[in-house]
Amino acid sequence: MTEEVILRVKDLRTYFKTDEGTVKAVDGVSFDLHKGETLGIVGESGSGKSVTNLSIINMIPSPPGKIVGGEVLFMDADLLAMPANKIREIRGNKISMIFQDPMTSLNPFLRISTQMTETIILHQGLGKDEAKAKAIEMLKLAGIPAPEKRIDQYPHQFSGGMRQRVMIAMSLSCNPEILIADEPTSALDVTIQAQILDLMKDLTARLGTAVILITHSLGVVAGMCDTLCVMYAGRVVERGATDAVFADPKHPYTQGLIKSVPRLDVASGNRLSSIRGQPPNVIDLPDCCPFYPRCDKAMDICKRKYPAVSRFDDGRSVACWLYSEEKLP
Amino acid sequence: MSDKEVLLDVKGLKMHFPAGSRSLLGGQKRFIYAVDGVDFQIRRGETLGLVGESGCGKSTTARAIAQLYKPTAGEVILEGEDLSKLKAQPLIAARKNMQMVFQDPYASLNPRMTSGDIIAEPLRIYQKRGILSMTKTETEERVEMLMERVGLSRFFKNRYPHEFSGGQRQRIGIARALALRPALMLCDEPVSALDVSIQAQILNLFKDLQDEFGLTYLFIAHDLAVIQYISTRVAVMYLGIIAEISGSADLYRKPLHPYTQALLSAAPIPDPAIERTRKRIILTGDVPSPDKVRTGCYFYDRCSKRMDKCAKSVPRLKEVEPDHQVACYLYHDPE
Ligand SMILES: Nc1ncnc2c1ncn2[C@@H]1O[C@H](COP(=O)(O)OP(=O)(O)O)[C@@H](O)[C@H]1O
Ligand SMILES: Nc1ncnc2c1ncn2[C@@H]1O[C@H](COP(=O)(O)OP(=O)(O)O)[C@@H](O)[C@H]1O
Ligand SMILES: [Mg+2]
Ligand SMILES: [Mg+2]
């Protein structure tokens, strides 16, 4: 990880118009991604992780969705202001993606070879044979046994874990600057998850790829990420170095989240602490801290205004009135 | 194991599903050996955690115990009575003492019934069959008591499942399972679909209900930390058999079976300082499909410690330390 920022997300806002009202799925998300960094985005379902990811590469289905504000600066160019043909050159090439279900990106009717070489030819300008050689090399790196044979098979001939390996091979084949992985192991069993995470870590370190890893698992974040953003109701409530956040979580939500995960290394007996109440509804959310109904430390102001972001010496930023200098009447 | 009374005794349980014939021209019949000889006991008031990767036969085990499937072989003895031998009528009566909670509360709740009716349904079924006698008011009162007890306001009893969040729907499923005051609850991944903050609420609810009603649980999950939190004893399943079973603290402190060791080492711990220094046993390959008759250890293909004798006969579960059984030739010799 270096000082060089390769992706800067600034005050990103993505809303969906629905029959029930406006869903503020992402509502003012900001973070920097440095060269070679692995950044985790963690949060419970519906907190806006996937919409953040899709907004970055400008792939929000519209309607009903719309990116209503913010910037996504990739090497000084705003991806949100880019014409469609230019962003297509970046997607899958400079910025590539993998999803929880590999079949969202794989065509079931095409051989792996066709699907892999197409992208390589398109983005790297290689000839057909060279592209195939490159694809085989990537499959081999991704731990697919007998890649020369398996490359001619169809997606359904691979197991879930193997398919995710194919996706990793495919997404890294153009040597992207950034890999966005949205819950890449959430559908896999733990032993397979360990294999895939190991592979991702190894390959991205070797190729110097920066990673945005989206997951609901604090365990996965702890093992994989240099930095992390904790999302709640479309906002980043806490951001910082992974070690610092786990050692001393500042936001009451982060504190509650970490305490509510049962841990393998802690014998049972002590009661698990849980966060009371239900996750928020992000439809027509008023100006308030969305966590206040579940927060033990809620104050009057939390109900009236979204917290200003406080910064700490260790580079942490936390959106909570507990830490705010700004005092309101 | 404590000397409390055995509530459920599962002996040699097998569930083989027919899987069509080998070719169009007939030939050998094929089977899915989903559960292939499982033995365990659960004592009254305890929680047996059943853990293993997807497809290893956890749900099938629970369903075969509940007699939702007719087991291919084996005995399921609940309070001294072998359920697998009972005729339809006495089975229905016996089943009253054993209820299930499922993973997906949405799929398991009838969307056209109110939460109150869903919770009352088991009571009404048993009333209709003349096994249970309760007045209308008693039924109402029981439903309201149950709702409050699982953390739902009784004022929600006229609402439909879609009006509740995932965690609340799971509470409805739990109230329904409690309605008949069963001794045993078979919980099939009841927290796997829930977010962590809600998962913790529901796990604590299960613990509180156990204390209050003296319930006994068979609790299925694929998350080892969840299993550790909830269980008194733990059974690790692999490909339709039990690889290891012991008291919970023991299993996590000193896992014996190479598969248990690999599972534990693969499960992430939410602590970056620990994760950085942990050594992982990375298993190679995928879980094989349970469609073969096995003549050696079921874990042989993926085991890093396999020996010649492991391919020659199937290791049986054997007690190698007090209340710690393992099916592995590292700890005992072939018979
Ligand atoms: N196509 C869509 N139409 C309407 N609402 C959507 C759509 N996609 C996402 N949302 C809403 O946006 C919010 C954030 O969703 P998402 O980013 O998928 O959450 P996460 O990935 O954190 O689970 C949710 O409330 C979700 O219902
Ligand atoms: N009704 C069925 N018919 C045929 N095969 C089944 C049936 N139910 C489960 N299986 C198979 O039995 C094995 C065990 O399944 P299951 O008990 O659902 O596993 P788990 O709950 O541990 O994920 C799997 O290979 C599954 O495909
Ligand atoms: Mg998502
Ligand atoms: Mg199951």
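## Two domains in one chain

Let's start with the overall layout of this predicted model. Chain A is assigned two domains: domain 1 takes in 5–94 + 179–192 + 201–273, while domain 2 spans 103–175. If you mark the C-alpha centre of each domain of chain A, domain 1 and domain 2 lie 26 Å apart.

## Where the domains meet

Now look at the boundary between them. On one side, 14 residues of domain 1 of chain A make contact, and on the other side 11 residues of domain 2 of chain A do so. Together the two domains of chain A bury about 1,000 Å², with 66% of that area on carbon and sulfur atoms. Three residues are worth finding in domain 1: A:N93, A:L203 and A:L207 supply 48% of the area that this domain buries against domain 2 of chain A, more than any other three residues.

## Around the ligand

Next, turn to ligand 1. It has 14 residues around it, and those that come nearest are A:G46, A:G48, A:K49, A:S50 and A:V51. The shell holds 6 nonpolar, 6 polar and 2 charged residues. In chain A, β1 (5–18), β2 (21–34) and α1 (49–56) each give at least two residues to this shell, and α1(A) has the largest share, with 3 residues.

Which atoms of A:K49, A:S50 and A:V51 lie close to oxygen atoms of ligand 1? For A:K49, a side-chain N or O atom is 2.9 Å from a ligand oxygen. A:S50 also uses a side-chain N or O atom, at 2.8 Å, whereas A:V51 has a backbone N or O atom 2.8 Å from an oxygen of the ligand. On its own, ligand 1 has 560 Å² of accessible area, and the protein covers 67% of it.

Notes:
Residues are numbered from 1 along each chain as its sequence is written. Chains are lettered from A and ligands numbered from 1 in the order in which they are written. This is a predicted model: local features need pLDDT of at least 70, side-chain atom pairs count only at pLDDT 80 or more; totals for chains, interfaces and linings use all residues. Side-chain values use heavy atoms; hydrogens and water are left out. A residue is near a molecule or strand if one of its heavy atoms lies within 4 Å of it. A polar contact is a pair of N or O atoms within 3.5 Å; within protein, one must be able to donate a hydrogen and the other to accept it, and residues adjacent in sequence count only if both atoms are side-chain atoms. Accessible areas come from the Shrake-Rupley method with a 1.4 Å probe; for residues, only the protein chains shown count as cover. Helices (H or I, at least four residues) and strands (E, at least two) are DSSP runs, numbered from the N terminus. Ala, Val, Leu, Ile, Met, Phe, Trp, Tyr, Cys and Pro count as nonpolar, Asp, Glu, Lys and Arg as charged, and the others, Gly among them, as polar. Domain bounds come from an automatic or database domain assignment. Contact means heavy atoms within 4.5 Å. Buried area is the accessible area (1.4 Å probe) that two parts lose on being put together, summed over both.
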